[in-house]
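Q: Please take a close look at one loop residue in this model and place it in its surroundings. Then carry on to the neighbouring topics, including the ligands.

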Amino acid sequence: MANYHFVYKDVEGASTQWDDIQRKLGNLPPKPPAFKPPSFTPAEDEDSKHKDKAWIDDRTEEQLEDLEDDPDLDDDRFLQEYRKKRLGELRQAAKVQRYGSVVPISGSDFVREVSQAPPDVWVVVILYKDGYPECGLLLQCLEQLATKYPATKFVKIISTDCIPNYPDCNLPTLLVYNNSAVKANYVGLHNFGRRCTPEGVALVLCQSDPVLNDGQSGSEPSSREAVLKGVQQRLIEKVVRDHEDDDDDGSSSLRLDGLLSSPSSGRSPALPLSSSSSSTLADSNGPKQPFVIGVSGGTASGKTTVCDMIIQQLHDHRVVLVNQDSFYRGLTAEEAKCVHEYNFDHPDAFDTEQFLECIEKLRRTQSVQVPIYDFKNHRRCSESFRQVNASDVIILEGILVFHDPRVRNLMNMKIFVDTDADVRLARRIRRDTVERGRDINSVLEQYAKFVKPAFDDFVLPSKKYADVIIPRGGDNHVAIDLIVQHIRPKLGQHDLCKIYPNVYVIQSTFQLRGMHTLIRDCGISKHDFVFYSDRLIRLVVEHGLGHLPFTEKQVVTPTGSMYTGVDFCKKLCGVSIIRRKILRGANFLANGTGIQYGGESMENALRACCKGIKIGKILIHSDGDNGKQLIYEKLPKDISERHVLLLDPVLATGNSANQAIELLIQKGVPESHIIFLNLISAPEGIHCVCKRFPSLKIVTSEIDVALNEEFRVIPGMGEFGDRYFGTDD
Ligand SMILES: Nc1ncnc2c1ncn2[C@@H]1O[C@H](COP(=O)(O)OP(=O)(O)O)[C@@H](O)[C@H]1O
Ligand SMILES: O=c1ccn([C@@H]2O[C@H](COP(=O)(O)O)[C@@H](O)[C@H]2O)c(=O)[nH]1
């Protein structure tokens, strides 16, 4: 119905008398208050505003410049000083490099764009390949971070352009550089949590260094804590935002606890990181996850044979085998009395806790002492153990390795060897009578009473967990070939080679391991030491020569045919590093001179490979314990025009090497023309040299574990020069 009461209202809120009557009768609502316009307040004049620190903080660079002669500020010395300081900050901030996107680079750009970036700039490099969804996801996150943190440089490079043959299974890989050195690297997407988000990536990147720079604080390097705090704040905002979105349907619960954990306490517990997120190569000492393979099957199915064949085909010492049999509990005296009543095929016959502990240790890259089981006497050899070193691939073999889910879940690949029961029984009779000191009757009795029932109850049901089933065991060459092909890429290079693309470890073979075993043995004769060292050094030298520049060359062969080959650069020389130390008392060297001839021991091999090569020497003289070092040199005059093969058998701390390299560079040798050859290198030495000289190459035959407190390489090979020249007697 239309409202037919027309109420006239003037500005005072007055109305007609008729309306007043209607109001009294309750037909109209009470009279509204008289209208009063809001009071007028003129806008505050900028000049009359109170000027303080906060006011200055709000000014732009231009505005602060205009305030040069401002009378208010002239009266206030503090504010005038503060204005200048703030102006300085803003000018610095304007100078800071702005990147803002993920820039594609090629292999030849790498040194310029990454290694030679300004020292205050952090560079995040993604090694990627098109067509890998994980790479696409991480790239998207980095694009966002690049816009948020424009003073951090983000570049992308196709993995194999950066590192030839870089395994695709390591993609995507992030490398973080600063001041020409690799500060961290992250292999695989799992480092950034199950849900890879820009905020999560940011937090991981900033855990140990102030990698992300938004350029707000000028060119001053921000502290890790400050950067981390900012990144955490952004992550919290994101989590809260996501939570609010989720809350709209009332489905999620928010856990912010731990997000603000102190930076020193490490990774935030609420971060969605997977358990394997520790497997970065960054802290090259950090744990690397090995590839664990389980091989199960009935007794005498050929499990051990299959494992041996895989190991033989891989032909690599970075594969180790752990047999579940080694973890048989061993019988008590009481049990031994009635051994025929003991069920060796039941899961309880094994010490699974100890087996698990052993696997966990290997996964943490620790070596383990594996018990040795004596099948004839049904007990462990109390004094002997087998040392198993941490390796890239660990094979776990045994009838019940798939039985316990804790063991099973540690496996990356599960193989079941499936052999006909009659064949297995026939093999078992033969094996147990020949190798395990049994008679046929006892074998058959044990088989019927325990082995077969346990196979049906425990072994066969675990077959369903297998990823690969190998019928006919060791006779199935096709299956074994396929498995070997799958495992081979898991045998990565040494972590340091991934961090420093200029470090080359010559391919490990059993020949090479054999020679190392001989020369590292403190009991070897001097003659053998020299013989095997020379062989090894030649391998290193030959590999080093392969890094010299070459040109294509065609020759005519005796058959009159054309052969297209290469011609290596001929302008080269060797330079040996020799140390002289003023040692006192018992430490004084037996040769009476205090000279360690290290590098010279490599000269013979170099001469044998490069006829007539010129060889120079650098003598580094350490004056007692005061750390003072003097350098003497005898180098070819035209050394600046030559490629230099720098010789030192052992790279330990890297200090002497750095001094020698520094000297060569002073003499005009370009850093990239130096190839540093050694037999063994400590990781500390590699870090030290590669950080300072990223363009030279290091060629070594093995990277050892570490340096001890006395800066000796462990396990190492002692004072190489003294052992070689016999000056250690
Ligand atoms: N394919 C095969 N052909 C013939 N004998 C085999 C074959 N595979 C294994 N054997 C033999 O059978 C016995 C048990 O083999 P093994 O590999 O030790 O089995 P498991 O480790 O499963 O007990 C051994 O004596 C071995 O030499
Ligand atoms: O003291 C022992 C311990 C074990 N056994 C039997 O060995 C097999 C397991 O070894 P495979 O090499 O896998 O065959 C198991 O069936 C046990 O019955 C033993 O007889 N005595």
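**A loop proline and its surroundings**

A: Proline 694 counts as partly exposed, with a relative accessibility of 25%. The model is a predicted one. Why partly exposed and not buried? Buried means under 20% and exposed means over 50%, so a value of 25% puts proline 694 in between.

Now place the residue. Proline 694 sits in a loop. Helix H23 (683-692) is on one side of that loop, and strand S23 (697-703) is on the other.

Which residues does proline 694 touch, once those up to four places away in sequence are set aside? They are Ser115, Ser180, Asn502 and Glu671. Take Asn502. Along the chain, asparagine 502 and proline 694 are 192 residues apart. Their C-alpha atoms are separated by 7.1 Å.

That contact fits a wider pattern. Take the contacts in the protein chain with a separation of 6 or more: 68% of them join residues 24 or more positions apart. The chain has 729 residues, and buried residues make up 46% of them. It contains 24 helices and 25 strands. The exposed surface is about 37,700 Å², with 51% of it supplied by carbon and sulfur atoms.

Ser180, another contact of proline 694, leads to a hairpin. Strands S4 and S5 form this hairpin, with two residues between them. Asparagine 179 is in the turn and has a positive phi of about 55 degrees. S4 covers residues 173-178, and S5 covers residues 181-187. The two strands pair in the antiparallel sense over six bridges. In S5, valine 182 is the bridge partner of tyrosine 177.

S4 has a second partner. Strand S2 (residues 122-128) pairs with S4 over six bridges, also in the antiparallel sense. There, valine 123 stands opposite tyrosine 177.

Is S4 covered or open? Six of its six residues are buried. Thr173, Leu175 and Tyr177 are buried on one side. Leu174, Val176 and Asn178 are buried on the other. Both faces of the strand are therefore covered, since buried means under 20% relative accessible area.

Next, a second loop residue. Asparagine 476 lies between strand S12 (468-471) and helix H17 (477-487). It has a relative accessible area of 9%, so it is buried. A polar atom of its side chain lies 3.1 Å from the backbone nitrogen of alanine 479. Leaving aside neighbours within four places in sequence, asparagine 476 contacts Ile470 and Pro471.

Aspartate 475 brings us to ligand 1. A side-chain N or O atom of aspartate 475 is 3.0 Å from a nitrogen atom of this ligand. Arginine 427 also has a side-chain N or O atom 3.4 Å from a nitrogen atom of ligand 1. For threonine 305, a side-chain N or O atom is 2.4 Å from an oxygen atom of the ligand. On its own, ligand 1 has 550 Å² of accessible area, and the protein covers 73% of it.

The shell around ligand 1 has one nonpolar, five polar and six charged residues. Among them are Gly298, Ser301, Lys303, Thr304, Glu397 and Arg430. Helix H11 (303-314) and H15 each supply at least two residues of this shell.

Helix H15 also serves ligand 2. H15 (421-434) and helix H16 (440-459) each supply at least two residues of the shell around ligand 2. How many residues surround this ligand? There are 17, and the closest are Thr299, Asp345, Tyr373, His378 and Arg428. By class, seven are nonpolar, three are polar and seven are charged.

Several charged side chains reach oxygen atoms of ligand 2. For lysine 303, a side-chain N or O atom is 2.9 Å from an oxygen atom of the ligand. For arginine 438, the distance from a polar side-chain atom to a ligand oxygen is 3.2 Å. For arginine 436, the corresponding value is 3.3 Å. Ligand 2 on its own has 470 Å² of accessible area, of which the protein covers 98%.

Back to the starting point. Proline 694 is a partly exposed loop residue, and its contacts include Ser115 and Glu671.

Technical notes: Residues are numbered from 1 along each chain as its sequence is written. Chains are lettered from A and ligands numbered from 1 in the order in which they are written. This is a predicted model: local features need pLDDT of at least 70, side-chain atom pairs count only at pLDDT 80 or more; totals for chains, interfaces and linings use all residues. Side-chain values use heavy atoms; hydrogens and water are left out. Helices (H or I, at least four residues) and strands (E, at least two) are DSSP runs, numbered from the N terminus. Buried means under 20% relative accessible area, exposed over 50%, partly exposed in between (1.4 Å probe, protein chains only). A polar contact is a pair of N or O atoms within 3.5 Å; within protein, one must be able to donate a hydrogen and the other to accept it, and residues adjacent in sequence count only if both atoms are side-chain atoms. Contact means heavy atoms within 4.5 Å. A residue is near a molecule or strand if one of its heavy atoms lies within 4 Å of it. Accessible areas come from the Shrake-Rupley method with a 1.4 Å probe; for residues, only the protein chains shown count as cover. Ala, Val, Leu, Ile, Met, Phe, Trp, Tyr, Cys and Pro count as nonpolar, Asp, Glu, Lys and Arg as charged, and the others, Gly among them, as polar. Two strands pair if DSSP finds at least two bridges between them.
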